[in-house]
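Biologist: I would like to learn how to read the features of a model like this one. Please give the general idea each time, and then the case at hand.

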Amino acid sequence: VQLQASGGGLVQAGGSLKLSCKVSGINFSVNTMGWYRQAPGKQRDLVASITSTGRTDYADYVEGRFAVSRDNVRRTVYLQMNSLKPEDTGVYYCNTYSRGRPFWGKGTQVTVSS
């Protein structure tokens, strides 16, 4: 199972970024996918998730600003991030489970300057 995240970068507060995570090695269309964030010195927290049926869930602090989506043909999950804040800075990881095991991508750095 491989998850390859991309799309991070440096952006000013109020700006936008779109992350992508391409997945291989699993039956992507039936898996729930998650995006996590790890800020410096903090634990990794769930930011957003999307089920196989397209149901989405968000952390309170990104609700209304972030949108998670998926393309089952491209085997890719996306995270559109708008109205970014400096506190959104961190490494963003995509995640899924297969046969009870968690799988993580390498992460992509997002830095939001004030």
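**Contacts, core and strands**

Modeller: Start with one side-chain pair: the side chains of Tyr 92 and Arg 37 make a polar contact at 3.0 Å. The term covers a pair of N or O atoms within 3.5 Å; within protein, one must be able to donate a hydrogen and the other to accept it, and residues adjacent in sequence count only if both atoms are side-chain atoms. This is a predicted model, in which local features need pLDDT of at least 70 and side-chain atom pairs count only at pLDDT 80 or more, while totals for chains, interfaces and linings use all residues. Residues are numbered from 1 along each chain as its sequence is written, and side-chain values use heavy atoms, with hydrogens and water left out.

Biologist: Which backbone oxygen lies 2.6 Å from a polar atom of the side chain of Tyr 92?

Modeller: That of Asp 88.

Biologist: Is Tyr 92 buried or exposed?

Modeller: Buried means under 20% relative accessible area, exposed over 50%, and partly exposed in between, with a 1.4 Å probe and protein chains only. Tyr 92 counts as buried because its relative accessibility is 0%. Its place is in strand S9; helices (H or I, at least four residues) and strands (E, at least two) are DSSP runs, numbered from the N terminus.

Biologist: Which residues does Tyr 92 touch, not counting those up to four places away in sequence?

Modeller: Contact means heavy atoms within 4.5 Å. For Tyr 92 the list is Leu 19, Trp 35, Tyr 36, Arg 37, Val 47, Phe 66, Leu 79, Met 81, Gly 107, Thr 108 and Val 110. Val 110 is 18 residues from Tyr 92 in sequence, yet their C-alpha atoms are 7.0 Å apart. Phe 66 has its own list, again leaving aside neighbours within four places in sequence, and among its contacts are Arg 37, Val 47, Tyr 58, Leu 84 and Asp 88.

Biologist: How do I read a nonpolar core?

Modeller: It is a set of buried Ala, Val, Leu, Ile, Met, Phe, Trp, Tyr and Cys residues joined through side-chain atoms within 4.5 Å. The largest one here has 28 residues, and Trp 35, Phe 66, Val 68, Val 77, Leu 79, Met 81 and Tyr 92 touch the most other members. Elements giving two or more residues to this core include S1 (2-6), S3 (17-24), S8 (76-81) and S11 (108-113). S3 supplies the largest share, four residues.

Biologist: What is the strand order in the open sheet of four strands?

Modeller: Two strands pair if DSSP finds at least two bridges between them. The order is S1-S3-S8-S7, with antiparallel pairing. S1 and S7 are the edge strands, each pairing on one side only. Neighbouring strands are turned by 15 degrees against each other on average, direction ignored; axes are lines fitted to C-alpha atoms, for helices over the stretch in contact, and angles run from 0 to 180 degrees between N-to-C directions.

Biologist: How many bridges join S3 to S8?

Modeller: Six; one bridge pairs Ser 20 with Tyr 78 in S8. S7 and S8 are also joined by six bridges, with Arg 70 opposite Val 77. Their hairpin has four residues between the strands, and Arg 75 there takes a positive phi near 55 degrees. Five of the six residues of S8 are buried. S1 and S3 are joined by five bridges.

Biologist: Where are the other hairpins?

Modeller: S4 and S5 form one with five residues between them, and Gly 41 in the turn has a positive phi of about 75 degrees. S5 and S6 form another with five residues between them, where Gly 54 has a positive phi of about 90 degrees.

Biologist: How are aromatic pairs judged?

Modeller: Rings of Phe, Tyr and Trp (its six-membered ring) pair if their centres lie within 6.5 Å; planes under 30 degrees apart count as stacked, over 60 as edge-to-face and the rest as tilted. The count comes to two pairs. Tyr 36 and Trp 104 have ring centres 4.8 Å apart and planes at 70 degrees, so they are edge-to-face. Tyr 36 lies in S4 and Trp 104 in S10, so the pair ties together parts 68 residues apart in sequence. Tyr 93 and Trp 104 are also edge-to-face, at 6.4 Å and 90 degrees. Trp 104 counts as partly exposed, at 35% relative accessibility.
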